Each structure stands twice: as C-alpha cells, then as structure tokens.
Amino acid sequence: MSQADPWLQSFTGMRVLILGDVMIDRYVQGKVTRVSPEAPVPVVEYRSSSNRLGGAANVALNVREMGAEPVLVAVVGDDAEAEELEKLVEVAGLSSHSFLVRESGRKTTIKTRIIAGNQHLLRVDSEDTHPVSEQSVRQLMERLEAEVKRERIDVIVLQDYDKGVLSPEMIREVISLARKYEIPVTVDPKFRHFMMYGGCTLFKPNLKELSEGLAREVAPTKPQLEQAVRELAGMMPHRYSLITVSDKGIYWFDHQSQQGGIVPPEMRDIVDVCGAGDTVIAVASLVLAMGKPLSLVAAVANLAGGLVCERVGVVPVDAKALLEEVNRTVLSID
C-alpha cells in the first residue's frame with residue numbers, strides 16, 4: 001500500500017466531534033510477593049499509580065494522535081475527580097476543543113486497575129450510570145449545534161459506555177442534527193441502547209455486544225456474521241456494520257453494496273486489550289470520513305487496534321507506527 005502516506009497525512013485539518021461517556025482510567029502498579037494470610041488473594045506491594053483519560057476522552061486522544069482535531073463533548077460529576085479529569089484534558093492538549101458539563105450530585109467515572117507486572121489482577125469501578133439530567137442534555141445539544149454551525153465537522157462519533165450520557169433522546173437528536181448537516185455518524189454501542197441508533201452511518205459493536213443485542217449467540221464465521229448484521233440492519237437501519245471479533249479480526253459489511261468480508265488480525269504479542277475499541281472507532285471514523293471504502297476502513301482500524309494491544313493500559317495509537325504497518329502489510333480481505 002505505497003500510496004498510504006498522502007491520505008494518512010491528510011487527516012490534518014479534519015474535525016471530529018466526539019460525544020459520550022468520559023472517565024479516568026487509574027492504574028495502580030505493584031509487585032506480588034506473597035499470598036494474604038486473611039484470604040487466598042495476592043498481596044500487592046504498591047509501587048506507583050497513574051491516571052489516564054478513558055472512554056470518549058480516549059477516542060479524542062486517538063483522533064488527535066492521528067493529526068485531526070477532536071471536539072470532545074461530555075458530562076462529568078461536580079467532584080474532585082472531575083477536576084482531575086479536566087487537568088488530564090488540559091495536559092493532553094484537548095481543553096481548547098472540549099466541553100465538559102459538570103452535573104451536581106453525579107460521580108465522575110473512575111476505573112481503577114490493580115496491575116502487577118503486566119498482569120491485570122483487579123478492577124474497581126466508581127460511577128453513576130443513570131441518565132444525565134435534562135439540563136445537561138440541553139447544554140450538550142446547544143454546544144453540538146454551535147460547533148456544527150461554527151465550522152465544518154467531518155464526522156460525529158458516539159462512544160457509549162452505558163454511563164448515562166447517550167440517552168435515547170440524545171441519540172435521536174444527534175442523528176437528526178447530523179442528517180440535517182450531512183455529517184456521517186459512527187457508533188461504538190453498549191447493550192442498554194443497542195437498538196436506538198437507527199439512521200447512523202457506521203455501527204461498531206464487538207461480537208459479544210452483537211450477540212446480546214440480537215439475543216442469540218453469533219459465531220465468529222463469515223456466514224453467521226453476515227446473517228447477523230443483515231438481521232440487525234432490518235431492525236435498526238444503518239449503512240455500514242463493523243464487528244470486532246477479538247482474535248479473529250474485524251468483520252465489515254456494506255449494506256448498500258451488499259458486500260462484506262473479514263480482515264484477519266496480524267500476529268502480535270497481546271499485552272492488554274483495554275482501550276482497543278476506542279482506537280478502532282477513532283481510526284475507522286477518520287478513514288470513513290475521507291470517503292474510503294469500508295474494506296479499507298476495516299483494515300486500517302484493525303491494524304490500529306492491534307497496535308495498542310501491544311502496550312499496557314489505555315493508550316492512543318502511535319500514528320507513525322500505524323503508517324509503517326499500513327505500508328508494510330499486505331491487507332488480506334476475504
């Protein structure tokens with residue numbers, strides 16, 4: 001793929017609006033030296049801790065790393081954790097392009113992972129998952145419409161972690177706004193509102209989410225995946241399906257051309273899958289917004305997701321490494 005350089009570099013200047021659930025991914029690093037005498041669990045000797053941006057904020061980081069301009073719109077609590085998240089946003093260089101609504105009485109989501117070496121031992125979540133207030137919805141929609149009117153948005157990403165930002169009302173309004181301004185909408189869904197995204201452009205669940213959404217087991221084979229996405233599109237119309245299938249790669253299907261296939265994974269040393277979905281939707285959205293065919297969207301997103309799995313913790317994709325991968329790899333699409 002010798003012509004990759006020009007179009008990968010042309011992400012510069014693109015604007016991506018990201019709406020969804022933001023969070024802090026906290027990592028507590030330590031060393032296991034013994035088993036607790038109180039219970040059959042490891043004792044972790046504390047070494048260090050760090051906070052990183054997660055959820056929709058990690059999507060924004062990936063967009064920025066690819067050279068595009070992310071516009072992050074989300075809701076946080078009115079607490080000390082919100083202050084920490086806002087500091088992380090500022091340090092990451094996202095503050096001038098973000099709008100975080102503070103909601104009184106709401107917790108800012110924190111996922112705390114206990115890690116010894118490269119082994120993930122435990123995760124502790126602190127969060128609220130009820131829908132955000134009507135006032136927050138109004139503030140978010142006002143900002144979204146203002147951003148769309150102020151300057152061209154190339155694609156809108158809806159990143160749903162079931163933490164309350166993307167209510168059915170919010171989803172309908174955003175898709176309607178996008179249709180009015182002819183902006184593609186890409187979706188990384190969760191179970192609660194799985195069937196609420198009718199009219200979106202690209203729908204990207206993983207295999208587990210697809211099975212849960214259809215209330216039946218879907219095997220990771222091309223015939224079963226094709227049957228499943230056709231069934232899904234019959235219930236919730238959308239143009240493109242992109243299904244991440246873990247170690248089987250990514251399945252893509254264009255409901256307009258009725259063409260699809262599986263992009264197999266590269267052989268990699270998988271260390272940590274946390275945040276890979278954020279990377280896949282970010283990169284897929286950018287490539288799609290450039291008007292590239294879905295087969296290429298899936299192939300490049302597959303490479304990007306694999307790259308971040310080689311690193312510990314939630315981290316954005318390395319754009320230079322991705323470019324090298326795209327140039328090096330013969331992309332096999334069945």
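# Lys 190 and its surroundings

Q: Is Lys 190 buried, partly exposed or exposed?
A: In this predicted model, Lys 190 has a relative accessible area of 22%. Buried would need under 20%, and exposed over 50%. Lys 190 therefore counts as partly exposed.

Q: In which loop is Lys 190 found?
A: Strand β9 covers residues 185–188, and strand β10 covers 202–203. Lys 190 sits in the loop between β9 and β10.

Q: How far is Lys 190 from Gln 159 in space, C-alpha to C-alpha?
A: In sequence, Lys 190 and Gln 159 are 31 residues apart. In space, their C-alpha atoms are separated by 8.8 Å.

Q: Which residue meets the side chain of Lys 190 in a salt bridge?
A: The N to O distance of this salt bridge is 3.2 Å. It links distant parts of the chain, 19 residues apart: Lys 190 is in the loop between β9 and β10, its partner in helix α6. The partner has 8% relative accessibility, so it counts as buried. That partner is Glu 209.

Q: What word describes how α6 and α7 lie to each other?
A: Helix α6 spans residues 207–214 and helix α7 spans residues 222–235. Their axes are 11 Å apart, and the packing angle is about 55 degrees. Their crossing is left-handed. An angle of about 55 degrees is neither under 35 nor within 65 to 115, so the helices are oblique.

Q: Which residue in the loop between α6 and α7 has a positive phi although it is not a glycine?
A: Most residues other than glycine have a negative phi. Here the phi is about 60 degrees. The residue is also exposed, with a relative accessible area of 71%. It is Ala 215.

Q: Is Asp 162 buried or exposed?
A: Asp 162 also has a positive phi, of about 60 degrees, although it is not a glycine. Its place is the loop between β8 (155–159) and α5 (168–180). Its relative accessible area is 18%, and the limit for buried is under 20%. Asp 162 is therefore buried.

Q: How many salt bridges does the count come to?
A: A pair counts when a side-chain nitrogen of Lys or Arg is within 4 Å of a carboxyl oxygen of Asp or Glu. By this rule the count comes to 21.

Q: With which residue does Glu 86 form a salt bridge?
A: The closest N and O atoms are 2.9 Å apart. Glu 86 lies in helix α3 (residues 80–91) and its partner in strand β5 (residues 98–103), so the bridge ties together parts 16 residues apart in sequence. Glu 86 is partly exposed at 28%, and its partner is partly exposed at 31%. The partner is Arg 102.

Q: Which residues do shared salt-bridge partners join into one network?
A: One salt bridge joins sequence neighbours Asp 247 and Lys 248, with the closest N and O atoms 3.6 Å apart. Elsewhere, bridges that share partners make one network of Arg 15, Glu 69, Arg 143, Glu 147, Arg 150 and Glu 151.

Q: Which strand gives the largest share of the nonpolar patch?
A: The patch is formed by Val 32, Leu 121, Leu 122 and Val 124, with about 300 Å² of accessible area together. Val 32 lies in strand β2 (residues 22–35) and is partly exposed at 37%. The largest share, 3 residues, comes from residues 119–126, which make up strand β7.

Methods:
Residues are numbered from 1 along each chain as its sequence is written. This is a predicted model: local features need pLDDT of at least 70, side-chain atom pairs count only at pLDDT 80 or more; totals for chains, interfaces and linings use all residues. Side-chain values use heavy atoms; hydrogens and water are left out. Patches are made of residues with over 30% relative accessible area and no salt bridge: like charges are joined within 9 Å, nonpolar side chains (Val, Leu, Ile, Met, Phe, Trp, Tyr) within 5 Å. Accessible areas come from the Shrake-Rupley method with a 1.4 Å probe; for residues, only the protein chains shown count as cover. Helices (H or I, at least four residues) and strands (E, at least two) are DSSP runs, numbered from the N terminus. Buried means under 20% relative accessible area, exposed over 50%, partly exposed in between (1.4 Å probe, protein chains only). Axes are lines fitted to C-alpha atoms, for helices over the stretch in contact, and angles run from 0 to 180 degrees between N-to-C directions. Angles under 35 degrees count as roughly parallel, over 145 as roughly antiparallel, 65 to 115 as roughly perpendicular and the rest as oblique. A crossing is left-handed if the near helix is turned anticlockwise from the far one by less than a right angle, and right-handed if clockwise.
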